[in-house]
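Here are some exercises to work through with the model open beside you. Try each task before you read its solution.

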Amino acid sequence: MRTVKFTISLVLFLNLTCLNGQQPSAQLSKDSILFKEILISDNMTTHIVFPDQITMINLGSSEIAAQRAQGSTNVLQLKAISPEFQRTNLTVITSSGSLHCFAVGYTKEPKVMIYRFRDTTHTPSAKFIRPPVDLIRIRSIAQNLVLTKGRRLTRSHRVGGVKADLQGIYLHGDQFYLPIILYNTGAVGFQVQGISSSLVPRSRHRETAIQHLEIKPLMVLGQQELDCRMDNPAGMVVVLPKFSLAQDRKMVIRILEREGTRNLELNVKNQHLAKAKVILEEKTENYEP
């Protein structure tokens, strides 16, 4: 009797699998939300249809791009920027507080172009202490500021032929946008391992570890693909939550070199924040799927 039940279950599973492969869109159920792998391409756009408005998105890699479909609030468009990228992840939070996690892989010709949610009643909920950050909008604004050449506010010290210029400070909503351009006059290329930022006392002799307040960047656009070589400037944009500075404190942004010791520092002071330019309207996104 057990053998008969197992055979019937196996046949039903195989039939459902075959039927799903024949459909132009895939239905994502409760069990597939955390483990479903979405395969995308660099020459086709994949869509995910959510039951609620998309409020936040987090990409595990800069080698994939995502945006809400124009005229829609619940349709996400996905596309690979680089072919054959390494398997990564995607996290989306919707207005109902539902948390959706996916594994994202590459395929040259995706068999499924549209993913739809069938049941989200048991989807894990996200609880916020403050309103969620719209990373889609932040990325769009930051993309328009890459390699922006404004009036230089401050410059790092030169280390091994490498220096960094802060090309201005921009404010939109509750975020500061800091476009940074790196210059390299040496023969060895410069790649970024990581970015850190913290508030410290302006006087070094009064500086203690307890007085350091780290402010974690919300996004660093251009960090992963940045490769600054001789006479070829490279740009990135550091996005920080809005903050204020007392007269006796400063913000220190540290740019750490990958597999090297040419670490750079930029000092942002109160007078620099006073020159921040307010972005009144969001510019048109550069990325078009």
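**Exercise 1. Decide whether F176 is buried or exposed, then find its aromatic partner.**

Step 1. F176 has a relative accessibility of 5%, so it counts as buried (buried means under 20% relative accessible area, exposed over 50%, partly exposed in between, with a 1.4 Å probe and protein chains only). This is a predicted model, in which local features need pLDDT of at least 70 and side-chain atom pairs count only at pLDDT 80 or more, while totals for chains, interfaces and linings use all residues. Residues are numbered from 1 along each chain as its sequence is written, and side-chain values use heavy atoms, with hydrogens and water left out.

Step 2. The partner is F243: the two ring centres are 5.2 Å apart and the planes meet at 65°, an edge-to-face pair. Rings of Phe, Tyr and Trp (its six-membered ring) pair if their centres lie within 6.5 Å; planes under 30 degrees apart count as stacked, over 60 as edge-to-face and the rest as tilted.

Step 3. F176 belongs to strand β13 (residues 175–184) and F243 to the loop between β17 (234–241) and β18 (249–257), so the pair ties together parts 67 residues apart in sequence. Strands, like helices, are DSSP runs numbered from the N terminus (helices H or I, at least four residues; strands E, at least two).

Step 4. F243 is buried too, with a relative accessible area of 14%.

**Exercise 2. Which strands pair with β13, among them β11, β12 and β17, and over how many bridges?**

Step 1. Begin with β11 (residues 162–166), which runs antiparallel to β13 over five bridges; two strands pair if DSSP finds at least two bridges between them. K163 stands opposite Y183 in β13, and the charged end of K163 sits over the ring of Y183, 5.3 Å from its centre (NZ of Lys or CZ of Arg within 6 Å of the ring centre and within 35 degrees of the ring normal).

Step 2. Next, β12 (residues 170–172) is joined antiparallel to β13 by three bridges, with Y170 opposite Y177. These two strands form a hairpin with two residues between them, and G173 in the turn has a positive phi of about 65°.

Step 3. Finally, β17 and β13 are antiparallel over eight bridges, and L178 faces V238 in β17.

Step 4. Check the cover: nine of the ten residues of β13 are buried.

**Exercise 3. Which residues touch the most other members of the largest nonpolar core?**

Step 1. This core has 34 residues, and I48, I57, L76, L90 and Y177 touch the most other members. A nonpolar core is a set of buried Ala, Val, Leu, Ile, Met, Phe, Trp, Tyr and Cys residues joined through side-chain atoms within 4.5 Å.

Step 2. Helix α2 (residues 135–143) gives the most to this core, with five residues.

Step 3. Now look around Y177: leaving out residues up to four places away in sequence, its contacts (heavy atoms within 4.5 Å) include I138, I141, A142, Y170 and V238.

Step 4. A second, separate core has 30 residues, including I195, A234, M251 and V268.

**Exercise 4. In what order do the four strands of the open sheet lie?**

Step 1. The order is β2-β8-β7-β4, with mixed pairing.

Step 2. The edge strands, each paired on one side only, are β2 (37–40) and β4 (54–59).

Step 3. β4 runs antiparallel to β7 (residues 88–94) through five bridges, and I57 stands opposite V92 in β7.
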